[in-house]
Amino acid sequence: MELGWLLLWGAALLLGLHVLMALSAAANFAVRISLYSALCVLGSALAAPVCILVNGGRSVRNMRRVAGPSPLLSFKYFFGLRFEVKGLENFEVEGPAIIVSNHQSILDMMGLMEVLPDGCVQVGKKELMYAGSVGLIIYLGGVIFINRKSTSSAKMVMAEVAKTMVAENVKVWVYPEGTRNCTGDLLPFKKGAFHLAVQAQVPVIPVVYSSFTSFYNPKKKLFKSGKIKVEVLPPIETKGLTAGDVSDLTDRCFCLMRETLFRLSGRPA
């Protein structure tokens, strides 16, 4: 009898929640973002022991284990998100590379897992380490942490990254905007990733995700189903370039990615 009442109250709660989400954009946003966060925590908690047992702890190989097949990839079905990907063949370069992409929201993790190539490690802010099970899985995936508040520390880390990248033949994924930006445009690029590419003499591979603003906008409390177009652009070579060419390389990549962002998002340049 008690079980029956619990099921009845549970059904009533779900129905009430559904009605509230349908009537209120703010409630819909809050429920969806809470569910997304909870699924990230749960998925990370389930994946962490597997990463430790299979690869013995922190390793870039764990990112492929998390990426696919993984709970993160299945999240898109819960939220009605569809990905349309072009240009994956552009990841197929010999040796290491720097991958740069636009950074829009916490939903970027799904987009990352959708296209992540083998042997790829991300650069992220140090604070991510303390994000519970999510921080743990990020650490186990070999993410390179940078203290954004200390320029000298960040430069030292990036110098070590250059050596590791070449020695271990890995690709490094960087968000050159430096922070999330859900405006439908790009923020000015920081030059760290491009210094790194020139220093190591490795190509830069731009990855562009179409704007989320039509279906996801925290300021407007908007979170609904939508389609995300992703395009991996051809590598930009850096062989022969010097530190004096970094600004031009940064500007070239910014203009190319901004033009692609507007095209994928159906906006005039």
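The exercises below, each with a worked solution, concern a predicted model of a protein.

**Exercise 1. Overall make-up and confidence**

Describe the secondary structure of the protein, and state where confidence is lowest and where it is highest.

*Solution.* Begin with the inventory: the secondary structure comes to 9 helices and 9 strands. Turn next to burial and surface, where buried residues make up 45% of the 269 residues, while the accessible surface comes to about 14,100 Å², of which 62% belongs to carbon and sulfur atoms. For the contacts with a separation of 6 or more, residues 24 or more positions apart account for 75%. Finally, consider confidence: the average pLDDT is 83, and 84% of the residues score at least 70. The lowest confidence falls in helix 1 (residues 2-23), at a mean of 56, and the highest in strand 6 (residues 204-209), at 97.

**Exercise 2. Two annotated spans**

UniProt, in an unreviewed entry, places the feature "transmembrane region" at residues 36-55 and 128-146; determine what percentage of helix and strand the model shows over residues 36-55 and over residues 128-146.

*Solution.* Take residues 36-55 to begin with: the chain there is 100% helix and 0% strand, and the end C-alpha atoms are 27 Å apart. Residues 128-146, by contrast, are 47% helix and 16% strand, with end C-alpha atoms that lie 10 Å apart. The annotation itself comes from the UniProt record, whereas the helix and strand percentages are computed from the model, both for residues 36-55 and for residues 128-146.

**Exercise 3. A nonpolar surface patch**

Identify the residues that form a nonpolar patch on the surface, and place Val 50 in its helix.

*Solution.* The patch is formed by Val 50, Leu 53 and Val 54, which together have about 290 Å² of accessible area. Val 50 lies in helix 2, which covers residues 25-55. With a relative accessible area of 36%, Val 50 is partly exposed; a residue joins a patch only if its relative accessible area is over 30%. To relate the patch to helical geometry, recall that an α-helix has 3.6 residues a turn, so residues three or four places apart point the same way.

**Exercise 4. Salt bridges between distant parts of the chain**

The structure holds 4 salt bridges; for the one between Glu 114 and Lys 76, the one between Glu 84 and Lys 227 and the one between Glu 231 and Arg 263, work out which elements are tied together.

*Solution.*

1. Glu 114 and Lys 76 form a salt bridge whose closest N and O atoms are 3.1 Å apart. Because Glu 114 lies in helix 5 (residues 108-115) and Lys 76 in helix 4 (residues 71-78), this pair ties together parts that are 38 residues apart in sequence. Glu 114 is partly exposed at 24% relative accessibility, whereas Lys 76, at 13%, is buried.

2. In the salt bridge of Glu 84 with Lys 227, the closest N and O atoms are 3.3 Å apart. Glu 84 belongs to strand 1 (residues 81-86) and Lys 227 to strand 9 (residues 226-232), so parts 143 residues apart in sequence are tied together. Glu 84 has a relative accessible area of 35% and is partly exposed, and Lys 227, at 35% relative accessibility, counts as partly exposed.

3. Glu 231 and Arg 263 meet through their side chains in a salt bridge of 3.2 Å, N to O. Since Glu 231 lies in strand 9 and Arg 263 in helix 9 (residues 246-264), the pair ties together parts that are 32 residues apart in sequence. Glu 231 is buried at a relative accessible area of 12%, while Arg 263 is partly exposed at 46%.

**Exercise 5. Burial in helix 5**

Decide whether helix 5 is largely enclosed or open, giving your reason.

*Solution.* List the buried residues of helix 5, which are Asp 108, Met 110, Gly 111, Leu 112, Met 113 and Val 115. Because 6 of the 8 residues are buried, helix 5 is largely enclosed by the rest of the structure.

**Exercise 6. The surroundings of Leu 241**

Locate Leu 241 and name its contacts beyond its neighbours within four places in sequence.

*Solution.* Leu 241 sits in the loop between strand 9 and helix 9, and at 26% relative accessibility it is partly exposed. Its contacts, with those neighbours left aside, are Val 198, Gln 201 and Leu 249. The C-alpha atoms of Leu 241 and Val 198 are separated by 6.1 Å, although these residues are 43 residues apart along the chain. Val 198 is one of the buried residues of helix 8 (residues 192-200), and Gln 201, which follows helix 8, has a positive phi near 55°.

Terms used
Residues are numbered from 1 along each chain as its sequence is written. This is a predicted model: local features need pLDDT of at least 70, side-chain atom pairs count only at pLDDT 80 or more; totals for chains, interfaces and linings use all residues. Side-chain values use heavy atoms; hydrogens and water are left out. UniProt positions are given in the numbering used here, feature names are shortened, and annotations may be inferred rather than shown by experiment. Helices (H or I, at least four residues) and strands (E, at least two) are DSSP runs, numbered from the N terminus. Patches are made of residues with over 30% relative accessible area and no salt bridge: like charges are joined within 9 Å, nonpolar side chains (Val, Leu, Ile, Met, Phe, Trp, Tyr) within 5 Å. Accessible areas come from the Shrake-Rupley method with a 1.4 Å probe; for residues, only the protein chains shown count as cover. Buried means under 20% relative accessible area, exposed over 50%, partly exposed in between (1.4 Å probe, protein chains only). Contact means heavy atoms within 4.5 Å. pLDDT is the predictor's confidence in each residue, from 0 to 100.
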